[in-house]
Amino acid sequence: MNIFQRVKIDSFLLILICVVITASFFPCEGQAKTVFEYLTTFAIGLLFFMHGAKLPFQAIVSGIKNWRLHLLIFTTTFVIFPVLGMMMQLLVPTFLSHDIYLGFVYLCVLPATVQSAIAFTSIAKGNVAAAICSASASTLLGVFITPLLVGLLIHTQTSASMNIIDAITSIMLKLMLPFVVGHLSRRFIGQWVDKYKNIISKTDRLSILLVVYVAFSDAVVNGIWSQVGFLSLLNIIFFSIILLVIVLFITTYSARFFGFSKQDEITIVFCGSKKSLASGIPMASVIFPMSMMGILILPLMIFHQIQLMICAFLAARYAKRKI
């Protein structure tokens, strides 16, 4: 076990940091930027096609019966999280700049993760079948709900031109259509997708890296590092921890209040507290102008690592209990 595994640092985060550094010193501009943007659009379409192909229809059907559990998770993901994000406006401008605050709001309206939510639920000996259904459904619902919440909570607070109808249309064409086609193709390519899921996962990550590189290239050209200093980064880390701890507290005690079993509580905690980097970055590239994206996805990138570290510790504690 290497040092990164011991301190629960995701190696993908280190690669993301390297991409940000590369974009800071060698941003893509001009014709190269156009090529990267076309490549990114293709990669995002492929990413959501594979998301659809990886989703078993049986997981959707089998999980519908546990509607109370899913309702609580979706309420946390798409209601409680956004409310907490809006409350962070109280931190502006003393602790957070307005743009970073909007980044937190965007983080809070995103769907849950799929892979890590299921993995932590499994480690903690929770209801894995319900986690698969809930996390997958959250990604699907997020394609519709996230742009609507962006239009409601963010569009009115920014001076940048954002036509939310165009954003939803773009998401339907660039994200939802590939997802649906991928899911319908599962009967033909499902076995191949399941067999090579590790390779496909690397392709997913490559798509995210491309988007981050293009976004931060544009952000660097527009002077992002004159807006975000070391103290700002520390504030993002601190308030990301506070946000996650509050949501973990809410999901844990809500599950107990409504009388869920320990296995279902674990599923609610790990599915309700996650926010998806894999969905969030591609969605941001479709919803926002590239000039805004760099600073808006900073809280998401930092929160992603924090949720992995804290939830890995929490899953290990759950696993030691007698359930």
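Contact here means heavy atoms within 4.5 Å. The structure is a predicted model, and this report concerns helix α13 and the salt bridges at its C-terminal side.

Helix α13 comprises the 28 residues 230–257. At 1.5 Å a residue, α13 should span 40 Å, and its end C-alpha atoms lie 41 Å apart, which agrees. Its buried residues include Asn-235, Ile-236, Phe-239, Leu-243, Leu-244, Val-247 and Leu-248, together with Thr-251, Thr-252, Ser-254 and Ala-255. The buried residues of α13 pack against four helices: α5 (67–87), α6 (98–108), α14 (262–272) and α17 (298–320). After α13 comes Gly-259, with a positive phi near 75°.

Side chains of opposite charge can pair when their charged atoms come close. Two salt bridges are found in a search of the whole structure, as tabulated below.

| Salt bridge | Closest N to O distance |
|---|---|
| Arg-256 with Glu-265 | 3.2 Å |
| Lys-262 with Glu-265 | 3.4 Å |

Arg-256, Lys-262 and Glu-265 are thereby linked in a network of salt bridges. Lys-262 and Glu-265 are three residues apart in helix α14, so about one helical turn separates them.

How accessible are the members of this network? Glu-265 has a relative accessible area of 2% and is therefore buried, the cut-off being under 20%. Arg-256, at 36% relative accessibility, counts as partly exposed, and Lys-262, at 26%, also counts as partly exposed.

Notes
Residues are numbered from 1 along each chain as its sequence is written. This is a predicted model: local features need pLDDT of at least 70, side-chain atom pairs count only at pLDDT 80 or more; totals for chains, interfaces and linings use all residues. Side-chain values use heavy atoms; hydrogens and water are left out. Helices (H or I, at least four residues) and strands (E, at least two) are DSSP runs, numbered from the N terminus. The expected span of a helix is 1.5 Å times one less than its number of residues. Buried means under 20% relative accessible area, exposed over 50%, partly exposed in between (1.4 Å probe, protein chains only). A salt bridge is a side-chain nitrogen of Lys or Arg within 4 Å of a carboxyl oxygen of Asp or Glu.
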